[in-house]
Amino acid sequence: MKSKYMGRKARLTRREMLGTGALAGVSVALAGAVEAAPRAGIPDSWDEEVDVVVVGTGFAGLAAAIEAAKAGASVALLEKMRTPGGNSIISGGVIAAAGSPMQAEEGIEDSVDSLYDDMMKAGLHLNHPKLARIVAEKSVETVQWTIDELGVEYRGLTHMGGHAVPRSYSLSAGSGSGIIVPQLNKLKEMGVEPRTRTLLKHLIRDAEGRVVGVQIHEKFKHPNMDSGKPKTIRARKAVVMATGGFGSDPDFRMLQDPRLGGDLDTTNHPGATSEALREAMNIGCVLIQPSWIQLGPWTSPDERGFGYAPHFVQGVSASFGLWIDTLTGKRFVNELADRKTRADAILAAGNKCIAMSDAEGYAKGSAGRPTDTLDKMKANGVLMEYATLEDMAAAHDIPLEALQATIDTFNQSVDAGVDSDMKRYFPNNVGKIGTAPYYVVRLSPKIHHCMGGCGINEKAQALDVVTGDPIPGLYVAGEASGGVHGASRLGSCAYADCLTFGRIAGQNAAAEAG
Amino acid sequence: MTIPTKLRRMFWASGFFAVCLVLVSICFPSSLVGQNCGIPGYTGSEQICAPANGGLGIVLASDSGDRRRSRQQKGEEGHSGNAFSVLGKCSSCHLEDPVLPEGHVATVEMPLAHCRTCHTPKRPMSLAGKMPLDHKHALVGFGCVACHSEEAPFEEPEMEVCLTCHGTLAQLAARTDPSLHANPHGSPHGAPYAECTLCHWQHEESEDYCATCHDFDFALP
Ligand SMILES: Cc1cc2nc3c(=O)[nH]c(=O)nc-3n(C[C@H](O)[C@H](O)[C@H](O)COP(=O)(O)OP(=O)(O)OC[C@H]3O[C@@H](n4cnc5c(N)ncnc54)[C@H](O)[C@@H]3O)c2cc1C
């Protein structure tokens, strides 16, 4: 029978797989571990040979492919899904750059150290310092690269939670497609096109420990891991694994953090699963910090996935409105704190919180956005509009007096220029709350980012689980790698990480002796 | 009226090659040119209605048995021979399998435009999702070689092939139901999310790819 409803039911299927997966694990253990983790041997003859195999077509994979091709390497660019782009193409469209030209224009002072400090603080200092510093140091160069080499367009700066100052470039396109599409175009010019529906099944490591190629499945049909036709590709120089995180893989998520099981929604694309990481472990990569799985604090239970909510919750309410605990009518967190702080606070408050703004706050926070966003959010049922504060309080069971007092305090803070309650950063144009109508989005954190992944060094080389040394011929970049962000990634730092280390991986892969 | 699930399943299971048998006669019925290609919401000009291969569509010969010519299909099993039949004659491929609900009017020689007298697009009885798209293409006169090469291997055609008839992406986006709060043909995720085959499949049931992440629930053909 055909793959009916494959994508539509993919989440459910994975959830179902969770059960069978656990059972399979038991029977495999009984049958012997050798069966469970077969390593691919070196084929008698390879079906194809290239210089560099790049797996994954998100920011990291495409950046690696561009650099490798630019250095003259022949590249096979593999992607298991029907469409390229992974999490990158559906992402929110902001990239951090510390000390950038746009900041200079706006008179915002910033530095590499400041970004680095913010990353380390949010990461609870579990970040691998050298890796984090590379991302901070190269942040401006990376954004400039997207502009100069790819022709990417940005519309302004955004202040993301946990950052000392506004330093995040916002893509004009409004989503990661604003970089992915130019990356794909660039690659097309260079004669490299993604081979979609091509699954990385095995990494092939030779007797000397070098990764010499891959076994793939062509015509793969997500999520059926046995689908497609096996084929081998020899990588004369190296393999770059840029396969992203595992946010859509409840099975693997639960192994790392048993609280994050199948019932939780995620912002990730359905292909964000763990098989490539499992294979990396299978051939001797070391997985680091995989339990640090980030929940996004700005999502809504009234829609699936990332959806529309973050535009309002982060873009509008966090800077120009308030987040309210509906039980108390009070603020419960600095709305611009890092994600972990905020998601934890929402959960601690019983997951009954809302983000709100008044009409003026909405106008300020949504400047530059398409004007129909408001209508779309309302039509979708994710954003609710109320003619009065009383209506809003009634609709969400918020004690009105307490709510009014919270708003009064906030308005006094605006007058004073300092947030007495939460010490939130105030932009120049922050205003008092009081102009109807009022807008509300309900809050419910969702699985968003995997901080952990393969351990790598500063050259993006994967590290061997036994020796701790680099595995020759294997690079890992982007969300598939671990260490840059420690316990919690700051908003807009994944773009910087993925593009920076993707480029590093591609350059170094192409520079290997073939 | 919905076709009972079991029947639908049989219908789908009959698959791709079966339909090819029905698609064998060659002439392009002049009656179809200048209509709307049978494409829901399609209001383009007749020029872009011509099949990509330069005006030669394999059609189900309904109008004139005399003009009907069989094309010898080479290659795989089920893909060969002259076992073609007339437009809308389900039994030529589905044999005894009942693919239509009991009491359905006879469909023999019925082109898609006539099906639509009852099965109006975007109305409850719309055929969206109820019939493989290759069948619909066949019923408006577009057979295998309208999209594929004449010789195996029959690869997935480039998107340009679809756009030859269906208009540019911008035109498609403009024609998409404006009451939807998201335009599936104008996704903010960019060009890769506008690939026709991301959602619209010919020989298998189409899939709302947006629904892997969103609640949009588009009724897609
Ligand atoms: C909704 C959303 C919004 C976000 N917004 C932002 C933001 O605004 N700013 C920011 O900095 N970060 C943001 N992030 C995080 C950031 O987008 C991701 O961390 C980043 O895009 C990851 O890039 P990547 O190249 O590592 O992986 P991905 O973009 O996920 O690409 C990995 C690719 O590898 C493919 N793949 C996986 N396994 C295999 C296999 N076995 N074989 C073949 N292919 C395989 C996948 O299908 C996928 O296409 C957001 C994330 C999400 C989900």
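Two strands count as paired if DSSP finds at least two bridges between them. The model treated in these exercises is predicted.

**Exercise 1. Strand pairing in chain A**

Determine in which sense strand 4 of chain A and strand 5 of chain A pair, and over how many bridges.

Solution. Step one: the criterion asks for at least two bridges. Step two: strand 4 of chain A and strand 5 (residues 168-171) of chain A are joined over four bridges, in the antiparallel sense. Step three: as one position in this region, A:G156 stands opposite A:S170 of strand 5 of chain A.

**Exercise 2. The sheet and its edges**

Give the strand order of the open three-stranded sheet in chain A, and state which strands stand at its edges.

Solution. Step one: the order is 3-5-4, and the pairing is antiparallel. Step two: strand 3 (94-96) and strand 4 (154-158) of chain A each have a single partner strand, so each has one side without a neighbour in the sheet; these are the edge strands. Step three: with direction ignored, neighbouring strands of this sheet are turned by 30° against each other on average. Step four: helix 8 (residues 139-150) of chain A lies across strand 3, strand 4 and strand 5 of chain A, and its course is at about 140° to strand 3 of chain A.

**Exercise 3. Length and burial of helix 18**

Check what span helix 18 of chain A should have against the distance between its end C-alpha atoms, and state how many of its residues are buried.

Solution. Step one: helix 18 (residues 493-511) of chain A has 19 residues. Step two: the expected span is 1.5 Å times one less than the number of residues, which for this helix of chain A comes to 27 Å. Step three: the end C-alpha atoms are 27 Å apart, in agreement with the expected span. Step four: taking buried as under 20% relative accessible area, 16 of the 19 residues of helix 18 of chain A are buried, leaving the helix mostly covered.

**Exercise 4. Domain contacts**

Describe the contact between the two domains of chain A, then that between the two domains of chain B.

Solution. Step one: chain A is divided into domain 1 (16-294 + 449-514) and domain 2 (298-444). Their centres, taken over C-alpha atoms, are 33 Å apart. Step two: the contact draws 21 residues from domain 1 of chain A and 17 residues from domain 2 of chain A. About 1,300 Å² is buried between them, 56% of it from carbon and sulfur atoms. Step three: A:R155, A:H159 and A:T267 supply 32% of the area that domain 1 of chain A buries against domain 2 of chain A, more than any other three residues. Step four: chain B is assigned domain 1 (5-167) and domain 2 (168-221). Here 20 residues of domain 1 of chain B contact 18 residues of domain 2 of chain B, and the buried area is about 1,600 Å², with 62% from carbon and sulfur atoms.

How values were computed: Residues are numbered from 1 along each chain as its sequence is written. Chains are lettered from A and ligands numbered from 1 in the order in which they are written. This is a predicted model: local features need pLDDT of at least 70, side-chain atom pairs count only at pLDDT 80 or more; totals for chains, interfaces and linings use all residues. Side-chain values use heavy atoms; hydrogens and water are left out. Helices (H or I, at least four residues) and strands (E, at least two) are DSSP runs, numbered from the N terminus. Buried means under 20% relative accessible area, exposed over 50%, partly exposed in between (1.4 Å probe, protein chains only). Axes are lines fitted to C-alpha atoms, for helices over the stretch in contact, and angles run from 0 to 180 degrees between N-to-C directions. Contact means heavy atoms within 4.5 Å. Domain bounds come from an automatic or database domain assignment. Buried area is the accessible area (1.4 Å probe) that two parts lose on being put together, summed over both.
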